[in-house]
Amino acid sequence: MSHGIDLVIHDGRLVTPDGVIEGDLAVADGEIVSVGKPVLDAKTHVSAKGKLVLPGGVDPHAHIEQMSGMGQWNADTFETATRSAAMGGTTSVISFAAQASGQALAETVEDYAARAARGAMIDYAFHITLTDPSVPKFGRDLADLIGTGHRSLKVFTTYNIQLHDAELLNIFQQAREAGALVCVHAENDAIITQAKEALIRAGHTTPRDHARSRPRMAEIEAVERICRFAEYLDQPVMLFHISTSEGAQAVRAAKERGVPVWAETCPHYLFMTDDVLDRPGLDGAKWMCSPPQRGVPDQKALWHALQDGTLALVSSDHAPYRFDETGKLAAGPKAGFHQIANGLPGLETRLPLMFDAMVSNGRGGPEGFAELTSHAPARLYGLQRKGRIAEGMDADIVIWDPDKTVTYGENDLHDNVGYNPWAGCSVKGWPDQVILRGRTLVKDGEFFGTPGSGQWIDRPVLSTQPTNQTGVPE
């Protein structure tokens, strides 16, 4: 067993799909080859005594080096975003190859893949964001791209890149035929438009008013509608960033009917309320995101939905914009909420925040933490060698110090955003060493990655499958 071992991690508490076990973890040629058995000989020995050994984080929802729906470039490149991700314990990410109006899908993915290959320092896959089904060869390109391993798609029901119901149904049907998961930003655009225009007419344009401009009913209606579309066509759907108790209940009801629907939430909905937007001047813009943060009852409902399996995972929805004229303040120092880019950074903070809540404060334990942040996203999105401490898996490993407490500062993240939305927040539990395919990326706060060293992750099949029961007339 010890022959040819490159790395052995000794005496850690190994968080596996079968529970927490104590022992050694051995790695050879970038792969986990032994879990829990004593290993004496290896090229490199690491002690994890008193620490937890967990799978590298899998973040399936991050905006990196792309144009937003409001027509603004993100602050992060693949290099800065993946460095930040690794510093927070994430070793795999799924970001968005976003189609521009009039752009062929094949060109969209080719351009985006080139950016990732140049800069990514952790492993990656893409969701293909579909915004213009009218381009030539749309259906053929879509089927070809799905067939080559790009098995998740993204659509919007709002913004200027929204798709209308007929277009959504057509894409759902194509995805079902080709074997892809459709991810949906589900908010009702008409409700948002009416609320936004009423606020602007009344002169209510501060960041605090942003939350009122996206009423909870906008999420509720769109989530329920998408669940019905999924039910009608028997097409697997992932609902992004659920923020309301009613949205979670709509997902729960659909799952109880047997609909192939899954859903996620994010740390800013679990740990923030809309009060965070109520700051002097435009300072609250730093926390503006869509959907907006909600209230304490919604937080409680989201935690309950995570615990009962209604919500399958927690992503960051990393959407990085600087708080200056290149980002949030592009429309000037007196911009209204409708002129401010939506989103906040989260790639680096997702895991420490969730570890603090789930492991340090008992809201699910280490096994639950691994499930929501590694196991489930890897399983649902088809990252077959990621997300688990098990023999034969990629050696993506994070050694966590459960006793280390860190208080976030104003600008201590490793992305290109320039501020930390969690400044002043203290977390207990910290990723001491981060390993990607057997190579150390982070140790004791020092980063060792190199641009372009991340690898694209092929996804030949997903576990999110149709039920073979549709409402389509025969």
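**View 1. Helix H5 (189-201) and helix H6 (207-213) each give at least two residues to the lining of the second largest pocket.** Like every close-up here, this one shows a predicted model. The pocket in question, the second largest, has a volume of about 270 Å³. Of the 17 residues lining it, those closest to its centre are Tyr159, Ile192, Lys196, Arg214 and His338. Which helix supplies the largest share of the lining? That share, five residues, comes from H5. Sorted by class, the lining of this pocket holds six nonpolar, seven polar and four charged residues.

**View 2. Helix H5, with its buried and exposed residues.** Let us stay with H5 for a moment. At 1.5 Å a residue, its 13 residues should span 18 Å, and the end C-alpha atoms are indeed 18 Å apart, in agreement with that expectation. Asp189, Ile192, Ala195 and Leu199 of H5 are buried. Why can these residues be said to line one face of the helix? Seen down the axis of H5, the buried residues fall within an arc of 135°, so they line one face. Ala190, Gln194 and Arg201, on the other side of H5, are exposed. Ile192 is thus a residue to look for twice: it is buried in H5, and it is also among the residues closest to the centre of the second largest pocket.

**View 3. Helix H11 (350-360) is largely enclosed by the rest of the structure, because nine of its 11 residues are buried.** The buried residues of H11 are Arg350, Leu351, Pro352, Leu353, Met354, Phe355, Asp356, Ala357 and Met358. What follows the helix? Gly362 comes after H11, and its phi is positive, near 75°.

**View 4. Backbone geometry at Asp317, Arg437 and the Ser290-Pro291 bond.** Most residues other than glycine have a negative phi, and most peptide bonds are trans. Asp317 has a positive phi, near 45°, although it is not a glycine. Its place is the loop between strand S13 (313-314) and helix H11 (350-360), and Asp317 is buried, with a relative accessible area of 9%. Arg437 also has a positive phi near 45° in a residue other than glycine. Arg437 lies in the loop between strand S15 (426-436) and strand S16 (439-443). Is Arg437 buried or exposed? Its relative accessible area is 15%, so Arg437 counts as buried. For the peptide bond, look to Ser290 and Pro291, which are joined in cis with omega at about -5°. Pro291 is found in the loop between helix H9 (267-271) and helix H10 (296-307).

**View 5. Cysteines Cys227 and Cys425 in a structure that holds zero disulfides.** Cys227 is in no disulfide, and the nearest cysteine sulfur, that of Cys183, is 14 Å away. Cys227 is buried, with a relative accessible area of 1%. Cys425 is likewise in no disulfide; for this residue the nearest cysteine sulfur belongs to Cys289 and is 16 Å away. How does Cys425 sit with respect to the surface, and what is its relative accessible area? Cys425 is partly exposed, at 24%.

Methods
Residues are numbered from 1 along each chain as its sequence is written. This is a predicted model: local features need pLDDT of at least 70, side-chain atom pairs count only at pLDDT 80 or more; totals for chains, interfaces and linings use all residues. Side-chain values use heavy atoms; hydrogens and water are left out. On a 1 Å grid over the protein atoms alone, a cavity is a set of points where a 1.4 Å probe fits but cannot get out, and a pocket is an open set with protein on both sides within 12 Å along at least five of seven lines; lining residues have an atom within 4 Å of a point. Grid points are joined across faces, edges and corners, and a volume is the space filled by probe spheres set on the points. Helices (H or I, at least four residues) and strands (E, at least two) are DSSP runs, numbered from the N terminus. Ala, Val, Leu, Ile, Met, Phe, Trp, Tyr, Cys and Pro count as nonpolar, Asp, Glu, Lys and Arg as charged, and the others, Gly among them, as polar. Buried means under 20% relative accessible area, exposed over 50%, partly exposed in between (1.4 Å probe, protein chains only). A disulfide is a pair of cysteine sulfur atoms within 2.5 Å. The expected span of a helix is 1.5 Å times one less than its number of residues. The arc is that of the directions from the helix axis to the C-beta atoms.
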